[in-house]
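Open the model in your viewer and keep the selection box ready. This tour goes stop by stop.

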Amino acid sequence: MALLCIIGSPVLAKVPGSINSSSQLPINSLTSLTVAADPDLLLQQGKVLYNTGNFTKAVEVLQQAVQAYQQRGESLTLAATLSNLSLAYQQLGAWNQAQQAITESLNLLKAQDKNQNSQIFAQSLDIQGRLQLAMGQADMALATWQQTEGIYKQADNKSGVVRSQINQAQAWRTQGFYPRAVKTLEQVSQTLKSQPDSIEKTVGLRSLGDALLVLGDLEKSHKALEESLKIARNLKSSADIGASLFSLGNNARKQHQKPQAIAYYQQAVEVSASPLTKVQAQLNHLGLLIEDQQWAKVQALLPLIESQLKQLPLSRASIYAQVNYSQSLAKVKSGVLQASTQSYYSGFSTKDSAVLLAKAIQQSHSLRDKRAEAYALKSLGSLYEETRQWSEAQGLTRQGLALAQSSNAPEITYTLEWQLGRLLWAQKDINGAIAAYDAAVDTLKSLRRDLVVNKDVVNQDVQFNFRDSVEPVYRQSVELLLQSQQGKPDEKILEKARERIEALQLAELDDFFREACLQGQKVALDQVVDQDNSKAAILYPIILPDELQVIVKIPKQRLQSYSTKISQTEVEKLLVELRKNLVNPTATKTVETQSQEVYNWLLKPIESQLQKSGVDTLVFVLDGPLRNLPMAALYDGQQYLVEKYAIALSVGLQLLDPKPLVKQQLRALTAGLTQPPPGFLKFAPLLAIKSEFEGITKAGVSTTSLLDGDFKKKNLESEIGAASFNIVHLATHGQFSSRLEDTFILDFDGQINVKDFDTLFRSQGKTIVELLVLSACQTATGDSRAALGLAGAAVRAGARSTIASLWQIDDESTAMFVSAFYRELKSGKITKAEAVHRAQLKLLKHPNYRAPSFWSAYVLIGNWL
């Protein structure tokens with residue numbers, strides 16, 4: 001289930017005698033305007049009713065006030081009261097009436113002297129912006145709030161300017177422009193820092209924390225949210241306390257701190273005066289309980305959510321909450337059935353979800369909110385898909401698709417195209433299904449292009465659920481394509497399947513970095529392999545639910561493929577066990593048995609052809625957990641793969657400007673830490689670094705060295721910028737993880753995160769590093785996707801080739817490997833892959849280092865030439 005985020009309340013203006021909901025920002029009342037006793041009393045009464053949540057009664061009273069002002073012909077106070085009436089209508093979800101009231105208010109103000117009423121005009125525009133945002137018109141809300149900012153600037157109203165900026169950031173966030181929102185909110189925070197606590201301050205910091213959460217800066221996000229909560233508590237604003245607690249719950253959830261997240265959600269429900277905050281906190285709490293299959297607690301929570309949902313006024317947020325709840329109900333049903341514990345939640349039927357979703361569709365239609373309607377239609381279609389009512393599901397899906405496409409909502413469009421593909425596949429319409437999956441992949445690519453064209457765009461839904469809602473589109477699409485061959489190999493289909501797996505790998509890296517990564521001039525691997533003197537073959541293993549498929553490219557031959565019938569679960573189980581055993585020097589026999597099984601899947605069917613073709617280098621484009629394994633350690637029953645071939649890995653089907661290092665003068669910048677920096681004591685000292693560096697110099701490589709206290713990020717950056725090194729060799733601890741924030745290397749001052757590698761290794765004017773060596777790194781333990789961080793490091797650094805270790809190795813054997821590698825490389829006439837190959841063989845033949853745990857950890861990524 002997607003993580004719900006509160007769309008932080010826009011900051012609302014207070015107009016003469018206006019309503020001031022405690023979750024919004026007040027503006028000093030314009031006391032220069034006097035209001036006659038009767039309308040004044042009505043306004044006061046309306047304010048009290050509004051603040052106690054009695055919006056229907058507030059509307060009645062404010063309508064009477066409007067009539068009284070009309071009779072007295074007081075245009076200015078009439079305009080202000082109409083703005084307040086619009087605000088009350090908005091709380092009821094009565095959008096047409098809200099629109100009518102605010103339009104009348106603004107028309108009255110436009111007819112007045114602009115200089116006299118400019119600030120009242122700005123305050124009414126504030127309320128119009130809120131209406132536009134609630135109706136899903138974020139771009140119009142943004143333009144409105146930019147207009148109010150201009151008016152407040154002219155009037156030198158600093159708090160008005162701040163309020164407008166916070167509102168604009170909210171509009172940017174709603175459209176997915178998170179970095180831009182963060183930039184705006186950071187400026188606002190600076191402005192507010194020296195000022196006393198205010199609602200502006202708590203709302204601004206909360207918005208900043210929410211935006212940073214989506215961008216993955218969890219630490220900064222937590223800090224901003226804690227500060228926001230502290231200020232809200234000082235101000236005793238229950239709505240803001242609740243909203244900040246809810247956001248802190250989302251932050252804890254993103255950090256996999258489930259107990260803390262649940263505690264925050266429960267506090268938010270307890271404290272908040274907002275029914276929407278309560279229900280959103282309960283829905284996220286419910287999601288965590290369903291994940292952990294705590295059915296008794298789920299049963300207790302469901303009726304509470306149901307009663308809260310009934311109290312929500314109509315809005316896009318309330319529709320999304322209903323859809324989210326119905327999806328949770330479906331998950332509860334399937335989870336309970338699988339757990340065979342019907343007693344926990346009897347009385348639930350699919351019909352309950354269908355009724356909720358039909359209501360959500362009808363409400364979004366009445367709101368004229370195409371996005372919300374498309375989202376609800378998708379969910380109802382998905383429900384019918386589960387009950388195998390294909391034609392109903394298909395009709396709803398096509399209806400939703402038309403709406404999503406017409407409202408420019410690619411993040412909903414691709415999910416509907418994917419759903420249509422699944423429905424057509426289930427009905428054996430293979431060509432129709434392929435076309436729908438192709439459309440879904442194209443839409444996902446356009447989302448990725450948006451990242452490239454405008455790095456401000458980050459799609460929140462895709463962010464939270466890459467593994468559930470993006471990866472399966474690619475995998476199922478590949479499975480469908482390969483199935484469509486019906487046993488007769490088709491090169492065009494194999495080509496398409498291979499490209500799709502590459503697209504998945506690029507999407508994974510984009511998701512890892514939360515921006516588009518791989519740009520620049522690239523050359524297709526096939527072109528490199530088909531060159532006259534090439535002796536490299538490329539293998540693309542693809543893990544599918546019920547089989548492991550391998551596509552192979554041998555020089556000057558057509559693509560071919562073969563497969564092994566084995567479940568994804570079995571494949572992954574063996575790979576995890578093998579990876580654990582590989583690091584243990586005493587488990588060699590077990591390693592040989594397990595790695596032979598992987599060899600049989602990946603290479604046995606093609607072995608004789610490889611030998612006939614004179615292939616001496618294997619390039620693997622690995623999929624999923626295969627990336628955590630060194631291919632060098634695969635075993636054919638007699639020999640390891642490294643004893644027969646040089647081996648390289650590629651992140652995709654293309655190389656960055658492939659050319660060999662041969663005939664180039666080797667100039668290396670070496671940097672290392674013999675002792676870990678303070679606070680990183682879990683990393684052992686690396687005492688053999690000096691001999692490692694001496695080995696590089698003895699091999700005849702010209703070196704510049706930064707050791708211990710000299711190895712700091714700024715020194716590294718200035719050295720790389722000042723001289724043209726073609727090799728950067730870092731002998732320091734580092735960790736690769738599937739989480740961006742946990743992927744780093746250590747320097748003397750602490751850690752350098754992988755996201756800084758692009759500025760470190762390739763800012764403007766620097767020559768591209770040909771080879772980056774990370775000789776003492778490791779993949780995070782217990783993280784099955786940790787090698788994603790290694791691929792990320794290689795891509796981010798922009799080096800043509802990267803050599804790294806998958807786990808921590810004895811540093812004396814590392815020094816021996818490094819010396820041998822550079823000697824081979826310096827001798828010339830051999831590829832980088834062959835130099836790695838020979839250095840690994842040297843270790844394998846050494847009596848102390850024969851176990852694969854010593855020699856197989858090193859992998860070469862990228863250009864193998």
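Buried here means under 20% relative accessible area, and exposed means over 50%. Keep in mind that this is a predicted model.

**Stop 1: α19**

Select residues 410–426, which form helix α19. By the buried cut-off, 15 of its 17 residues are buried, so α19 is mostly covered. From its first C-alpha to its last, α19 reaches 24 Å. That is close to the 24 Å expected at 1.5 Å a residue.

Now step just past the end of α19 and pick Lys-428. Its phi is positive, at about 65°. Most residues other than glycine have a negative phi.

**Stop 2: two loop residues**

Two further positive phi values are worth a click. Go to the loop between α13 (275–291) and α14 (295–311) and select Gln-293. Gln-293 is not a glycine, yet its phi is positive at about 55°.

Next, find the loop between β9 (702–707) and α30 (713–722). Asp-708 sits in this loop. Its phi is near 50°, again positive in a residue other than glycine.

**Stop 3: α2 against α3**

Show helix α2 (residues 55–72) together with helix α3 (residues 75–92). How do their axes run? They come within 9 Å and cross at roughly 160°. Angles over 145 degrees count as roughly antiparallel, so α2 and α3 are roughly antiparallel to each other. Their crossing is left-handed.

Turn on side chains at the contact. On the α2 side, pick Phe-55, Val-59, Leu-62, Val-66 and Tyr-69, which are among the residues that make it. On the α3 side, the contact residues include Leu-78, Leu-82, Leu-85, Ala-88, Tyr-89 and Leu-92. Color by class: there are 12 nonpolar and 7 polar residues, and no charged residues.

**Stop 4: Ser-189**

Move to helix α8 (residues 178–193) and select Ser-189. Is Ser-189 buried or exposed? Its relative accessible area is 17%, so Ser-189 is buried. Which residues does Ser-189 touch beyond its neighbours within four places in sequence? Leu-205 and Leu-208 are in contact with Ser-189.

**Stop 5: α34 and its surroundings**

Select residues 832–844 to light up helix α34. This helix has 13 residues and reaches 18 Å between its first and last C-alpha, close to the 18 Å expected. Like the opening stop, this one is about cover. α34 is mostly covered, with 11 of its 13 residues buried. Among the buried ones are Val-836, His-837, Leu-841 and Leu-844.

What covers the buried residues of α34? Display the strands β5 (617–620), β6 (646–649), β14 (801–805) and β15 (858–862), which are included in the cover. Add α33 (811–827) and α35 (852–855), which also belong to it.

**Stop 6: α33 on α34**

Keep α34 and α33 on screen and hide the rest. The two pack at an angle of about 140°, with their axes 8 Å apart. That angle makes α33 oblique to α34. The crossing is right-handed.

From α33, the contact residues include Met-816, Phe-817, Phe-821, Arg-823 and Glu-824. From α34, they include Lys-832, Val-836, Arg-838, Lys-842 and Leu-843. By class, this contact has 9 nonpolar, 2 polar and 5 charged residues. Set that beside the contact of α2 with α3, which has no charged residues.

Methods: Residues are numbered from 1 along each chain as its sequence is written. This is a predicted model: local features need pLDDT of at least 70, side-chain atom pairs count only at pLDDT 80 or more; totals for chains, interfaces and linings use all residues. Side-chain values use heavy atoms; hydrogens and water are left out. Helices (H or I, at least four residues) and strands (E, at least two) are DSSP runs, numbered from the N terminus. The expected span of a helix is 1.5 Å times one less than its number of residues. Buried means under 20% relative accessible area, exposed over 50%, partly exposed in between (1.4 Å probe, protein chains only). Contact means heavy atoms within 4.5 Å. Axes are lines fitted to C-alpha atoms, for helices over the stretch in contact, and angles run from 0 to 180 degrees between N-to-C directions. Angles under 35 degrees count as roughly parallel, over 145 as roughly antiparallel, 65 to 115 as roughly perpendicular and the rest as oblique. A crossing is left-handed if the near helix is turned anticlockwise from the far one by less than a right angle, and right-handed if clockwise. Ala, Val, Leu, Ile, Met, Phe, Trp, Tyr, Cys and Pro count as nonpolar, Asp, Glu, Lys and Arg as charged, and the others, Gly among them, as polar.
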